[in-house]
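The following note sets out a few points on the internal space and the strand arrangement of the structure below. Please read it with the coordinates open.

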Amino acid sequence: MSNSVASAAVPGVLEDPLRNRGVAFTVAEREALGLTGRLPSAVLSLEEQARRVYAQLQRQPGDLAKNVYLEQLHDRNEVLYYKVILDHLPELLPVVYDPTVGDAIERYSHEYRRPRGVFLSIDQPNDMEKAFGTLQLGPNDVDLIVCSDAEEILGIGDWGVGGIQISVGKLAVYTAAAGIDPRRVIPVSLDVGTNNEGLLNDPLYLGNRHARARGPAYDAFIERYVQTTSSLFPNALLHFEDFGAGNARRILLKYRDKYRLFNDDMQGTAAVVMAGLFNALKVTGARWRDQKVVILGGGTAGVGIADQIRDQMARDGLNEDEAIRNIWIVDLPGLLTDDMGDGLLDYQGPYARPASEAAGWAKTPVQVDPAAAQRWPEMAALRQARAQSGVITLQTVVEKTRPTILIGASTAHGAFTQQIVETMSAGVPRPVIFPISNPTSQIEALPTDIITWSKGRALVATGLPFEPFEYEDVSYSFGQANNALLYPGLGLGTVVSGASQVTDAMLLAAAEAVAGQADVSGLGASLLPLVENLRASSATTAIAVATAAAADGVATKTPRGGWVQAVQDAMWQPVYTGEIS
């Protein structure tokens, strides 16, 4: 940087969050950048700025206010934003992402302040390349792009253009947890409309004011997006987030072998659950091939989990059909059976049990939930038909199958009842029970209740953070099946290795790496590592993923100093370095 006095300020330096350092600009920098008199006289270090920001953050009245405050900081000073998050990662991770980001999404159009990312509209598909062109990024300038069409946001459903906050939040976690360079990422909203009547009738709603596009128009839009991003940024990992059940799986299956593509709801959720299951079976000493698994929730997450369990059973000696016969999926219409016809989504078909198998099982009449009917219209007719004839409930399935593993990915609060837990505990010495739905209002059961009902025998992981629980002189810690334990390291390993695809072997390596970071030797120990050391954890996962990519033949880079050094060199740090221009 020249020390001569600039005749004019460097354009926009205080408005550019990637270059702005606020009062951390030194006197010499202020002079060189033409900022004389534009800032208070004091010069603070990054550490001093971070302490002040954290103190201001603590004065905010709640998590949503903290989220808004941090978002405003994000818009002003990127380095300071990540410094604060990294210094307080366990505390702030739920604030910048799940669950608080759900509240921010619901308020997006009303609290709109500054655009961040790229907004692509299905009504102007020809503008896609032009939109990315406005970023002025070259083919080697982007490592990661997160997109969402916002049909299934967390546990809150369809929120249209507000889903951009999911993409922004996900990338913030990538950077904070794994050091993905924030200058080399793009958040994207794929605005294909919304079926949320509240948004469509809201005069302040900022997205396309029409129903969600379906069919050929939607598919053509997604294909154009995948092809455009892969052409413009050939080294970027394309991360898909919070797509609806009817689209997420088929998009992944269509493109994953051709492009560098990853779906966190299907692959990431399943892999982090697998990490917990690896450790649960380490505790029980049981083999995968001997497990009986019941999954509540037949959406993208539930079936994605089933797929990875099936594959692991196959690695333990079962063929695919044998493995599938050890998995039962219960969804909105009850136990999935092969007589449901068109009511089954295509990806649920392989897991539908023979109707003859359950012919004598009790059926329970149910009421159709209007909210569920709106969120899952594909199964509305089947639910209506089954409401009167009755469904085979989770309780019945547990009684009949005596599972060793029960996983909840249903967002059905209280679905894991005391009777279900007690029935399961009567059939297996150490039942494995994972209620992973979130937020708390949608969790299948509280882990404290599961421990109490199972008399301390259950092995539990959840989708939310919970404090340790004392039961009969034992302290039980509940590992959180938080995708943040896995996807940042998976993404970093993919970027570092230049993997042309995200393979099953890479996902398995990530799950095993996460599992290996938890010590399950003690009674009541957590089945998953804590988020306190997420940077180190993500680096370990990235090394395992890069190694797997190389072994799988999809890595396009060969580091001179090995993968450990390559991962460390790739991790961006929130520090003020280099010249400002």
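1. The largest cavity in this predicted model has a volume of about 200 Å³. Its lining comprises 18 residues, and E71, H74, Y81, Q165 and V168 are the closest to the cavity centre. In total, the structure holds two cavities of 30 Å³ or more.

2. As to composition, the lining of the largest cavity consists of 10 nonpolar, four polar and four charged residues. Three helices each contribute at least two lining residues: α3 (63-76), α5 (89-96) and α9 (164-178).

3. A second matter is strand β2, which spans residues 144-148 and is mostly covered, with five of its five residues buried. From β2, the residues L144, V146 and S148 point one way, while I145 and C147 point the other way; residues on both sides are buried.

4. β2 has a parallel partner in strand β3 (residues 185-191), and five bridges connect the two. Within this pairing, L144 lies opposite V185 of β3. Between β2 and β3 the chain passes through α9, giving a β-α-β crossover that is right-handed. The connecting helix α9 is also one of the helices that supply the lining of the largest cavity.

5. β2 also runs parallel to strand β4 (residues 237-240), to which four bridges join it. Here V146 has H239 of β4 as its bridge partner. V146 is itself buried, and it points from β2 the way that L144 and S148 do.

Conventions:
Residues are numbered from 1 along each chain as its sequence is written. This is a predicted model: local features need pLDDT of at least 70, side-chain atom pairs count only at pLDDT 80 or more; totals for chains, interfaces and linings use all residues. Side-chain values use heavy atoms; hydrogens and water are left out. On a 1 Å grid over the protein atoms alone, a cavity is a set of points where a 1.4 Å probe fits but cannot get out, and a pocket is an open set with protein on both sides within 12 Å along at least five of seven lines; lining residues have an atom within 4 Å of a point. Grid points are joined across faces, edges and corners, and a volume is the space filled by probe spheres set on the points. Ala, Val, Leu, Ile, Met, Phe, Trp, Tyr, Cys and Pro count as nonpolar, Asp, Glu, Lys and Arg as charged, and the others, Gly among them, as polar. Buried means under 20% relative accessible area, exposed over 50%, partly exposed in between (1.4 Å probe, protein chains only). Two strands pair if DSSP finds at least two bridges between them. A crossover is right-handed if, with the strands pointing away from the viewer, the path from the first strand over the helix to the second runs clockwise.
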